[in-house]
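Let's take a walk through this model together. Have the sequence and the 3D view open, and follow along one piece at a time.

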2 protein chains.
Amino acid sequence: MAYFYIMNLSFTEENYLKNIFHLNFNVDENVSTNAIAEVLNTKAASVTDMLKKLSEKELVNYEKYQGVTLTEIGQQKAISVIRKHRLWEVFLVEKLHFKWDEVHEVAEELEHINSEKLINSLEEFLNFPKTDPHGDPIPDKNGILKSQELIPVSKLKVGNSGLISGVREHSVEFLKYLDKTGLILGESLKIIEIINFDGSVMVLIKGNQQMISREVAKNLLIAL
Amino acid sequence: MAYFYIMNLSFTEENYLKNIFHLNFNVDENVSTNAIAEVLNTKAASVTDMLKKLSEKELVNYEKYQGVTLTEIGQQKAISVIRKHRLWEVFLVEKLHFKWDEVHEVAEELEHINSEKLINSLEEFLNFPKTDPHGDPIPDKNGILKSQELIPVSKLKVGNSGLISGVREHSVEFLKYLDKTGLILGESLKIIEIINFDGSVMVLIKGNQQMISREVAKNLLIAL
DNA sequence: TTTATTTTTTAGATTAATCTAAATTTTTTA
DNA sequence: TAAAAAATTTAGATTAATCTAAAAAATAAA
């Protein structure tokens, strides 16, 4: 295996790499077979088969029963898929007026279209966006992913304020809830009060006070 | 098989349908196994297998040794793929500044992304274009493909004139040649002289006279 | 530190799409 | 219209991705 960079991966292989990347993000444990099976909605036995194959291609470091990590090349491939996913999301929202909770599925397909020229032109067309519609950073052409430090509302103190800049949870329900209650990316938010009893938080948004649950507070990210 | 419209087709199945449609266009013969094998760059045996499968799904009318035609539903599916292909080509040329000879490959991938909302929004974003960058008509949301009558230069008489509106041959070489010699979609063209010896044609474009071979004349389409 | 539980892997099948080689049918041509 | 040529189909394999059920290893609990 010496033809790393030319190597074209299947849709499925790309999905494995991308999900291993996400599962490994900010965690230094190996990613387990079961964890992968769960996010990919498949069976552990299938995952084992694929891990062997990816290992054969030197895209993951795999040892029986020990889970995996991505190799340098595996990581590059994963980041390239994420770059495409996030750029397409920006396109869908900004140009085609999708809502931020509607983009994921389609972007899951678009992220596997392979054309350097396409993705670089798209990036230019979109004016080199730094983040996708959920506030997640877009890796650049060279695979460099610079993420701003974001803090969940649940870790802030009374009086802190900042801009709503991302989410930790990407489910449609959560995004719709945020939309409905005006907790929109880019808005500024201030902590008014923290209720000890259940950890819910009173915040100030656009001049209105609003209560959010601890669960929401944990999943809403702020740039100070 | 009663769940026609919901039925999701594989990438491969869609490609078969699309190519059968093209092979059958303006021809009333059944499409032969070999013809399909040739355009799809595969073997006749593989085509036979797939035709059986498509026939099973009632997407083609197939009888052993007699070739195929598309059923109503098969045709709808094919047209939907063509619609997507052509809309993406417009996007690539108009928004991402691809040249008309660079779009085909990428559009071959994009055409299989399945989302009604995506394609209809794209169409609106592009302002409901009538044709793709090669002058081929774009089917509407309901699969209606209204094609203007286009005539190859080789069928015109001296003195006729019209607008360059399409091509019969889509190869990169041919498109590059047209580009280089100024035979661009939308330009008006007039027949000055037809050389009996080899069928080449002297045409007037943008005030300049230019000679084109019979081969080129056969593949360049004019709207009168 | 055994035993029980959970996780992971192996073994053996299945499905979609493909292939080669051989057999069959159709078409052409002499 | 019979023989030759071309086109098409069948038979039997292969590859990628998946699955179930059983076996093996790792981890947790008694």
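Start at DNA strand D: helix 3 of chain A gives the most to the surface near this strand, with five residues. Keep in mind as you look around that this is a predicted model. Altogether, 20 residues surround DNA strand D, and the closest are A:Ser10, A:Ala45, B:Ser32, B:Asn34 and B:Ala45. Two or more residues each come from helix 1 (11-24) and helix 3 of chain A, and from helix 2 (33-40) and helix 3 of chain B. Sort that surface by class and you get six nonpolar, nine polar and five charged residues.

Now swing over to DNA strand C. Which helix gives the most to the surface near this strand? Here it's helix 3 of chain B, with five residues. At least two residues each are supplied by helix 2 (33-40) and helix 3 (44-56) of chain A, along with helix 1 (11-24) and helix 3 (44-56) of chain B. The strand is surrounded by 20 residues, with A:Ser32, A:Asn34, A:Ala45, B:Ser10 and B:Ala45 as the closest. Their classes come out as six nonpolar, nine polar and five charged.

Finally, step away from the DNA and look inside chain A. Helix 1 of chain A packs against helix 2 of chain A at an angle of about 115°, with the axes 10 Å apart, and the crossing is right-handed. On the helix 1 side, the contact is made by A:Asn15, A:Tyr16, A:Asn19, A:Ile20 and A:Leu23, while helix 2 of chain A brings A:Ala35, A:Ile36, A:Val39 and A:Leu40. Of the residues in this contact, seven are nonpolar, two are polar and none is charged.

Methods:
Residues are numbered from 1 along each chain as its sequence is written. Chains are lettered from A and ligands numbered from 1 in the order in which they are written. This is a predicted model: local features need pLDDT of at least 70, side-chain atom pairs count only at pLDDT 80 or more; totals for chains, interfaces and linings use all residues. A residue is near a molecule or strand if its C-beta atom, placed from the backbone, lies within 6 Å of it. Helices (H or I, at least four residues) and strands (E, at least two) are DSSP runs, numbered from the N terminus. Ala, Val, Leu, Ile, Met, Phe, Trp, Tyr, Cys and Pro count as nonpolar, Asp, Glu, Lys and Arg as charged, and the others, Gly among them, as polar. Axes are lines fitted to C-alpha atoms, for helices over the stretch in contact, and angles run from 0 to 180 degrees between N-to-C directions. A crossing is left-handed if the near helix is turned anticlockwise from the far one by less than a right angle, and right-handed if clockwise. Two residues are in contact if their C-beta atoms, placed from the backbone, lie within 7 Å.
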